[in-house]
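Here are some friendly notes to read alongside the model. Please keep the structure open as you go through the points.

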Amino acid sequence: MAWQFPKMTRRTFLKSTSVSAVGATLYHPDWIKLAGPTHPDAADHFAHSICNYCSSFCSLRITVAEKKGKQRIMKLGGNPNSTLNGDKICARGQSGLRQVYSANRIKTPLIRVAGSKRGEMKFRSATWEEAWDYIAQKSKSIKPWEWTVYGGWSTCSFYVPHTIAFTSAIQCPNLITSPTQNCVFDGHLGTNSMIGNFVVHGENIEDYENSDYILSIIGNACIGGVSTCRAVRFSAGKEKGAKVVVLDPRASETAAKADEWYAIKPGTDLDFTLAMLREMMNNGWYDEDFLVSHSNMPFLVRKNAHNAWELYLSAQKEPAVIDAKSGQVVFLPAFSNHNLQGSNGNSVTPLLRAPQGFTHNGEAMLTVFDAQHQELQPYTPEWAAANTGISADDIRKIAREFSTAKSPIVIPGWSGARYGNIQMLRRVQAMIQTLKGRLDVPGGWIFGGDYREQVRNMWAQKDNPKAPPLASLAGMPFVYWSANAAANPGTHDHGYPAWAAVHRDQTPKDSPDWAAFPFTTEVGLDSAIKGKLTWKGAPYLCKAILLNGTNPMRDAPEGFWQEAFTHPNMELVVVMDVMPADTVAYADVVLPELTYLERDEPAIYGNGVNPDNMLITRYQAIPPAYDNVILTDAFLKLTEVLTGSSEPYYQSVQALMGIPAARLKALTEKKRAQGIQNPFTMALRQMDFEAKAKGLGITPQKLDAVLREKGVYPVAKADELIANYGMPRKMALPTPSGRAEFYSNLYGQLREQFGLWDNPYFSVLATHIPADCRPGSKAPMADDEFYFTFGMVPVVSHCSPNNDFQPLVSISKFRGDIYTGLWVHSQRAGKLGLKEGDKVWVTNQLTQQKAEASVHVTRLVREDTVFLYSGYGDQNPALTHGYRMGTALNKITPDFIEPVSGGFRSQEFTVRLERA
Ligand code: SF4
């Protein structure tokens, strides 16, 4: 079966799938004892919460002191009851309390001073009534489809369902999600295409602790980024003796802990992995049983009329294999977690490789394994050595060591938007991992407990046409559903699809700003703002934007958002945030958001990237310092402001999330009458406690007591989950076929939909896509020319070139040379006469964008490469901690995208240095 994109609806997806039966009993957390002290060093009291500074969802224990009736947060620490991060959190997480007490914090609603321009930080304090009224007046002439909602970091991790419900309530088809273009889509789509998952940073977890060989390729962020839970497990693996091999142009934080560091040439990681995959397949270094049983490697393929590989399918779209026993071609169910039973119910033993010269019905056919093996042959270790700078012997050695290790893992990394070939790299990394069958087994890639539960729930509801999509879809099926909603003109009464879809369909495919899968990114926004798109014979404009907790002024390439915010067609800019990030200066009205330490969450969540299934939530550590709002209550009010009634939001929440509207409304009104702040959020919270407690067979009071006192509610252990619901051994993966897809149905569908048969970005098999940092030039690099790389600094931002919380920057001052400087190799610095701390202009050779940087001289970077940490360079003086500290990365990165999902090619260029 091939998923249709983007025409797929939730119902058609579920109707066309089936899943093998699985069964197990989840254990009850009898280790929880509520008696006794909560902490041996108990101060005044502790509160439990969730860190807000990366997607790891570390469980927090917060020390709160109380004096003369006033409460103050003294310390943020890890929660020893959490098997995710234990009693540890990183420096970034610890400094979160600075946000609460920052003098820069936005304390009241702000309205732009009449006569001032967007970009000027000129606001007057306003009441909430004034702010809502301002939005109501300005939005009178703005149609629902002329709005764009941009959900930021908190939205991405905590409020996706509510944000989608809100856009549905106000009939807005346009939703951008913050890290998507930089990180999640571009970084993960390749991996997701192989194993079907899609959870913000939780889809596959490298089990460092139980691995004996850890290979990190473009993957520093997982460890050095830093994700405490991963760093803790990585350390445990190291202590147990795991060998660590790191490929990175720079001696990263992860490389510093490695046994071997290879300074690979920027942009050639794909070349390395293709050669490694070739070595593994050529030498038989794979788990044949796993590939035969749970992957689409034995499926038959043939060349089609476009001379492209294509699956051989029955009229019912079933894949075919050669049965080893009968030698016959046999069709298999289109969707299953295994290949061992034919569509007719008979047992099958598929051949991994077709006999030499195999034909069927007069057509030459190979298996996917054969075709991939054939396609890889040009990518020899010698070929890769010439490109990567890593010797052929070392490539062979790494491939052999990885293949012969008992529990090898590849760290695929997080931050993805680097080169156009990143998705193919992620696919090949996933292939290397899957070739060894090291998927969802201890010491391999395993799945988060929460994510696994979501997939189980999805399969359990597959025959329920009334299942609310946002509560019953997980992984890639969720992505397909939401993309379909954005692209489908019928989603909303007004008949307008998202401008992203219109832009895609009205832009030539060879245009540099065309992407096949642009939904939830900025791709197409400038066309909408400038009136270049048409729908129903009239311009399709974007006239208003609502941003929550995101800072695109620093996320996206410099210039894009200045132009968007200040364009004459942009009638209203509403920003909701805690801190005056650069983007706030471009708002017309600013809505102050409550910090994560001052609020109860509207729901109970899973414990992020914890392989165990644990429940967590946030408890207010201290009373709110100001009259600020929580996002969910802001959505309810904005629905009322924009549509004249809050009813559409209640109805959307019911239709999409399955939360009964009438009770939610009644509870909200009751809490409002009681004077409870953010009553809608608190009503949601009460109902979620009731629903979760019911599922666990306990009372809401008991669940509340455990979470309040312990900070976590354990549901099931990872080993039990893997034994009973391991994917794909026991339960289907959320891929179109349910198996691990070496032949990619996702890219195959996009290839067919857009007729891109020979475009390597849409290849169904692994292939080479060169990173082209110097297009059209074969000349040697100039004396002052370098490849450009960047990375995450452990103390600042979690991903991408963004900077959402500036006070954290201040704690890196003590190592400013390393964290804020441009890393230049000492040999090259010497030749250019540059010393530590010298100021230079860094100029992008493709776009001539330039930024000033301070030189950090080091031997820990390739001679032909410079490196910069992301997360600096704020321009808003209202941010007193981070203002103008370091270099704004997005002043150098260009607005070039790759053609699949529109990810930025944020390293695919060279720079030249000149003394400033
Ligand atoms: S790893 Fe992430 S979630 Fe954990 S403490 Fe650090 S910033 Fe917070």
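**Notes on the predicted model**

1. A good place to start is the ligand: 13 residues surround it, and the closest are Cys51, Cys54, Cys58, Cys90 and Thr228. A residue is near a molecule if one of its heavy atoms lies within 4 Å of it. By class, this shell holds eight nonpolar, four polar and one charged residues. Here Ala, Val, Leu, Ile, Met, Phe, Trp, Tyr, Cys and Pro count as nonpolar, Asp, Glu, Lys and Arg as charged, and the others, Gly among them, as polar.

2. A word on the basis: this is a predicted model, in which local features need pLDDT of at least 70 and side-chain atom pairs count only at pLDDT 80 or more, while totals for chains, interfaces and linings use all residues. Residues are numbered from 1 along each chain as its sequence is written, and side-chain values use heavy atoms, with hydrogens and water left out.

3. UniProt, in an unreviewed entry, places the feature "domain: 4Fe-4S Mo/W bis-MGD-type" at residues 44-104; such annotations may be inferred rather than shown by experiment. In the model, this span is 15% helix and 39% strand, and its end C-alpha atoms lie 28 Å apart. Helices (H or I, at least four residues) and strands (E, at least two) are DSSP runs, numbered from the N terminus.

4. Next, look at Asp271 in helix H11 (residues 269-282). Asp271 is buried, with a relative accessible area of 4% (buried means under 20%, exposed over 50%, partly exposed in between, with a 1.4 Å probe and protein chains only). Its side chain makes a polar contact with the side chain of His768 at 3.0 Å (a pair of N or O atoms within 3.5 Å, one able to donate a hydrogen and the other to accept it; residues adjacent in sequence count only if both atoms are side-chain atoms).

5. Which face does helix H14 (residues 381-388) turn inward? Its buried residues are Pro381, Ala384, Ala385 and Thr388. Seen down the axis of H14, they fall within an arc of 105°, so they line one face of the helix; the arc is that of the directions from the helix axis to the C-beta atoms. These residues pack against H11 and helix H15 (392-404), where contact means heavy atoms within 4.5 Å.

6. Finally, Asp440 lies in the loop between helix H16 (422-435) and strand S20 (445-446). Asp440 is buried too, with a relative accessible area of 2%. Its side chain reaches the backbone nitrogen of Phe447 at 3.3 Å.
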